[in-house]
Amino acid sequence: MRVTYTAGVLDAFLDHDIRFDYVIGVSAGANAGADYVAGQRERNHRVFVDFASDPRYAGWGNVLRERSWFGMKFLFETLPDRLAPFKYETFAASATTMVVGVTDCATGEPVYFCQHDHDPRWFTKTVMRASCSLPLVSPPVTVDGRRYYDGGLADSIPLERAMADGNSRNVLVLTQNAGYRKPPQKPNLAVTAMLRRYPAVRQALRERPARYNACLDRIDALERAGSVFVVRPGKQLSVGRMDRDPALLEDLYRQGYDETAARVAELRAWLTAPAAD
């Protein structure tokens, strides 16, 4: 739910006509990015704030119905098709390339899909759902015969993939305060037992803090060098991963919007500046 900050950031980008020809994301960030690519101002607010307290959004009822704490049918069918319609065709026809990362259950490695290579409804309901399927919280999603989990497990901040795709300068939207580092993963017998079918996923979970922190160290170095522009929360966060309090989420959305709007001139200057050697 910390992606509500990202929702505010992206709406500020749209309001100030800040566009990019390439967007990459994982997990809930990929869903927020899809609304930005489709140009759907405020849809992220509806999905991450307005409907967050709906009992179909998350809870034990979903566990009984679909073995998932989050209501995947609600999130990927009811919302985009009826309550908060998603512009599938606009998303597919966008000049912006969007890449979404997932984690292969068999290998524990990241796999990436591009929206321009697939039917937009299939992409949204299958690939983006897979990228949001957290181990222990949701079952994996089968895509072309292979099972996938949340993309953030194998590649939480897919900067290296963006650079490999030819983007030497990148704008990053992060949802943790500056200086944050993920603590080491503690051994958990319940996790080990529940993921016994997927040993590569267990290994990826163990290695995730080290990989995540190494990526943050690299981002700090690239930011100092001027090759990345980072948008991250300035004020201390008060929203956790599973918080669904509408007031807290509204504040976080507004924080993302206001902090980004205050840096628009700085971002425009960075975007138009010559690349550093």
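**Entry 1. The segment after α12**

I began with A273, which is partly exposed, with a relative accessible area of 34%. The model I am reading is a predicted one. I placed A273 in the segment that follows α12. I then looked up its distance to G226, which lies 47 residues away along the chain: the two C-alpha atoms are separated by 9.9 Å.

**Entry 2. Aromatic pairs**

I looked up the ring pairs next, and the count comes to 13 aromatic pairs. One of them joins F20 and Y36, with 6.4 Å centre to centre and 45 degrees between the planes, which makes the pair tilted. I noted that F20 is in the loop between α1 (3-15) and β1 (22-26), while Y36 is in helix α2 (residues 27-37); the two are 16 residues apart, and the pair links distant parts of the chain. I found both F20 and Y36 buried.

A second tilted pair consists of F229 and W270, at 5.8 Å centre to centre and 55 degrees between the planes. F229 belongs to strand β7 (residues 228-231) and W270 to helix α12 (residues 264-272), so this pair ties together parts that are 41 residues apart in sequence. F229 and W270 are both buried as well.

I also recorded a cluster in which ring pairs link F86, Y88, F91 and F123.

**Entry 3. Charges over rings**

I asked which charged end sits over the ring of W270. That residue is R169, whose charged end is 4.0 Å from the centre of the W270 ring. W270 thus takes part both in the pair with F229 and in this contact with R169. I noted a further case in R254, whose charged end sits over the ring of Y257, 5.1 Å from its centre.

**Entry 4. Helix α2**

Having met Y36 in α2, I checked how much of the helix is covered. Nine of its 11 residues are buried, so α2 is largely enclosed by the rest of the structure. The buried residues are S27, A30, N31, A32, G33, A34, D35, Y36 and V37. Just after α2, I noted that G39 takes a positive phi of about 70 degrees.

**Entry 5. Strand β2 and its partners**

I turned to strand β2 (residues 97-104), which is mostly covered, with seven of its eight residues buried. I followed its pairings one by one.

- With β1, the strand runs parallel, and five bridges join the two; Y22 stands opposite T97 in β2.
- With strand β3 (residues 110-114), β2 pairs in the antiparallel sense over five bridges; T103 stands opposite P110 in β3.
- With β5, the pairing is antiparallel over two bridges; the partner of D104 in β5 is Y148.

I also looked at the connection from β2 to β3. The two strands form a hairpin with five residues between them, and G108 in the turn has a positive phi of about 75 degrees.

**Entry 6. Strand β6**

I asked which way the side chains of strand β6 (residues 170-173) point. They alternate: N170 and L172 point to one face and are buried, whereas V171 and V173 point to the other face and are not buried. This agrees with a general rule: in a regular strand the side chains alternate between the two faces of the sheet. I then found that β6 and β7 run parallel and are joined by four bridges. In β7, V228 is the bridge partner of N170.

**Entry 7. Positive phi outside glycine**

I looked up two residues other than glycine that have a positive phi. L136 has a phi near 75 degrees, and its place is in the loop between α7 (120-131) and β4 (141-143). L136 counts as partly exposed because its relative accessibility is 39%, which falls between the limits of 20% and 50%.

D144 has a positive phi of about 50 degrees and lies in the loop between β4 and β5 (146-149). D144 is exposed, with a relative accessible area of 65%; the limit for this class is over 50%.

**Entry 8. The second largest pocket**

I closed with the second largest pocket, which holds about 310 Å³ of space. It is lined by 13 residues, and those closest to its centre are R67, P139, P140, Y149 and M194. I asked how the lining residues divide into nonpolar, polar and charged. Eight are nonpolar, one is polar and four are charged.

Terms used
Residues numbered from 1 in each chain as written. Predicted model: local features only at pLDDT ≥ 70, side-chain atom pairs only at ≥ 80, totals over all residues. Heavy atoms only, no water. 1 Å grid on protein atoms, 1.4 Å probe; cavity = no way out; pocket = protein on both sides within 12 Å on 5 of 7 lines; lining within 4 Å. Points joined across faces, edges and corners; volume = space filled by probe spheres on them. Nonpolar A, V, L, I, M, F, W, Y, C, P; charged D, E, K, R; others polar. Buried < 20%, exposed > 50% of the residue type's maximum accessible area, 1.4 Å probe, protein only. Phe/Tyr/Trp six-rings, centres within 6.5 Å; stacked < 30°, edge-to-face > 60°. Lys NZ or Arg CZ within 6 Å of the ring centre and 35° of its normal. Pairing = 2+ DSSP bridges.
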